[in-house]
Amino acid sequence: MVATPIEIAQAATATTATLLKWQKSMEERATFRQNMDQSRRAIQASRDLLNRLRQRRRDDMAQSWEDADPSPAASARRPEPM
């Protein structure tokens, strides 16, 4: 059986459509991977920022304890001897 020009054209169209779908699928996968990588980097940057903010808060709290006025018991004057 010999293929007619219409059958050849239909086969070519189907093949082209299949190749275009495959190409689009590959592009979508690549885009998905890029988006996932970008999301991972954003999440890591957010974690790093949160850790820096927590550390700064710890440092500020430690500094405020160091800078605080001494407790009243420690600074109370001893009675003078009689």
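**A salt bridge within helix α1**

In this predicted model, D37 is partly exposed, its relative accessible area amounting to 37%. The residue with which D37 pairs is R40, the two side chains meeting in a salt bridge with an N to O distance of 3.4 Å. R40 itself is classed as exposed, with a relative accessible area of 51%, a value that falls in this class because the cut-off for exposed residues is set at over 50%. Side chains of opposite charge can pair when their charged atoms come close. Both D37 and R40 belong to helix α1, which covers residues 5–67, and they are separated by 3 residues, or about one turn of the helix. The structure holds 1 salt bridge in total.

With regard to the protein as a whole, the secondary structure consists of 2 helices, with 0 strands assigned. Of the 82 residues in the protein, buried residues account for 0%. The accessible surface was computed at about 8300 Å², and carbon and sulfur atoms contribute 58% of this area.

Definitions and conventions. Residues are numbered from 1 along each chain as its sequence is written. This is a predicted model: local features need pLDDT of at least 70, side-chain atom pairs count only at pLDDT 80 or more; totals for chains, interfaces and linings use all residues. Side-chain values use heavy atoms; hydrogens and water are left out. A salt bridge is a side-chain nitrogen of Lys or Arg within 4 Å of a carboxyl oxygen of Asp or Glu. Helices (H or I, at least four residues) and strands (E, at least two) are DSSP runs, numbered from the N terminus. Buried means under 20% relative accessible area, exposed over 50%, partly exposed in between (1.4 Å probe, protein chains only). Accessible areas come from the Shrake-Rupley method with a 1.4 Å probe; for residues, only the protein chains shown count as cover.
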